[in-house]
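This briefing goes through one protein chain, from its overall build to a few individual residues. Please keep the sequence and the 3D view open while reading.

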Amino acid sequence: MLEALARAAFEHDVTAIDSRSTGSWGWRFVEASYPFLDVVFGEGSAKPIRLRMDCTDWPEIPPSITLLEVDGSQLGTVPQNSGSVYNQGPFPGTSRPFVCMRGVREYHTLHSPDLWDNYRGQPGMDLGGILFQLWRVWKRGLQ
């Protein structure tokens, strides 16, 4: 995919994320410049988490997500009670915890019959929608 098109799609999705809502949900954006969208969920709560989305070739290819501690170091353990979405791993090739959810590159790599093409462009499968789904699972894991 042409970088200019991917950048435009990324910027469209990022500007569509409502800052008032994200503030009330406890999100803090560390970086939002193509191709990276880096967000902390729940700063000040019991167990905040940081997700760094690599959105290279978005939306042709789903984002790859790296799970981090708030300070940017590698996440040691995934949130409890988060089912299989926040997966302790290790993910093949990285040996790290990973996100395993439709709309995320790691999921579609492991579940190759379930193609990204089946979801791309559907409601909730833009960058904000993917983040919102991940935030809901993370919140559920805190309870």
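Of the 143 residues in the chain, 42% are buried. The model is a predicted one. The points below are grouped by topic.

**Overall build**

- The chain contains four helices and six strands.
- Read from the N terminus, the order of these elements is α-α-β-β-β-β-β-β-α-α.
- The C-alpha trace spans about 40 × 35 × 25 Å along its principal axes.
- A compact globule of 143 residues would have a radius of gyration near 15 Å, and the chain, with 14 Å, agrees with that.
- Take the contacts between residues at least 6 apart in sequence: 44% of them join residues at least 24 apart.

**Surface and charge**

- About 7300 Å² of the chain is exposed, and carbon and sulfur atoms supply 51% of this area.
- Positive side chains number 13 and negative side chains 16.
- The centres of these two sets of charges are 7 Å apart.

**The nonpolar core**

- In soluble globular proteins, nonpolar side chains tend to be buried together.
- In this chain, the largest nonpolar core has 34 residues.
- The residues with the most contacts inside this core are Phe 41, Leu 51, Leu 67, Tyr 86, Val 99 and Leu 134.
- Two or more core residues come from each of α1 (3-16), β2 (36-41), β3 (49-54), β4 (64-68) and α4 (127-142).
- Helix α4 gives the most, with seven residues.
- Leu 67 can serve as an example of a core residue. Leaving out residues up to four places away in sequence, Leu 67 touches Ile 49, Arg 50, Leu 51, Gln 74, Leu 75, Val 78, Tyr 86, Pro 97, Phe 98 and Val 99.

**Cis peptide bonds**

- Most residues other than glycine have a negative phi, and most peptide bonds are trans. This topic and the next one list exceptions.
- The peptide bond from Tyr 34 to Pro 35 is cis, with omega near 5°. Pro 35 sits in the loop between β1 (27-33) and β2.
- Trp 58 and Pro 59 are also joined by a cis peptide bond, with omega about -5°. Pro 59 belongs to the loop between β3 and β4.

**Positive phi angles**

- Asp 57 is not a glycine, yet its phi is positive, at about 65°.
- The loop between β3 and β4 holds Asp 57. With a relative accessible area of 22%, Asp 57 is partly exposed, because the cut-off for buried is under 20%.
- Ser 95, which is not a glycine either, has a positive phi of about 60°.
- Ser 95 lies in the loop between β5 (86-87) and β6 (98-99). Its relative accessible area is 61%, so Ser 95 counts as exposed.

**Trp 25 and its surroundings**

- Is Trp 25 buried or partly exposed? The relative accessible area of Trp 25 is 29%, so this residue is partly exposed.
- Trp 25 is part of helix α2 (residues 19-25).
- Setting aside neighbours within four places in sequence, Trp 25 is in contact with Phe 132 and Trp 135.
- Trp 25 and Gly 42 are 17 residues apart along the chain, and their C-alpha atoms are separated by 7.4 Å.

Key
Residues are numbered from 1 along each chain as its sequence is written. This is a predicted model: local features need pLDDT of at least 70, side-chain atom pairs count only at pLDDT 80 or more; totals for chains, interfaces and linings use all residues. Side-chain values use heavy atoms; hydrogens and water are left out. The radius of gyration is taken over C-alpha atoms; the globule rule is 2.2 Å times the number of residues to the power 0.38. Buried means under 20% relative accessible area, exposed over 50%, partly exposed in between (1.4 Å probe, protein chains only). Contact means heavy atoms within 4.5 Å. Accessible areas come from the Shrake-Rupley method with a 1.4 Å probe; for residues, only the protein chains shown count as cover. Lys and Arg count as positive and Asp and Glu as negative; His and the chain ends are not counted. The place of a charge is taken as NZ of Lys, CZ of Arg, CG of Asp or CD of Glu. A nonpolar core is a set of buried Ala, Val, Leu, Ile, Met, Phe, Trp, Tyr and Cys residues joined through side-chain atoms within 4.5 Å.
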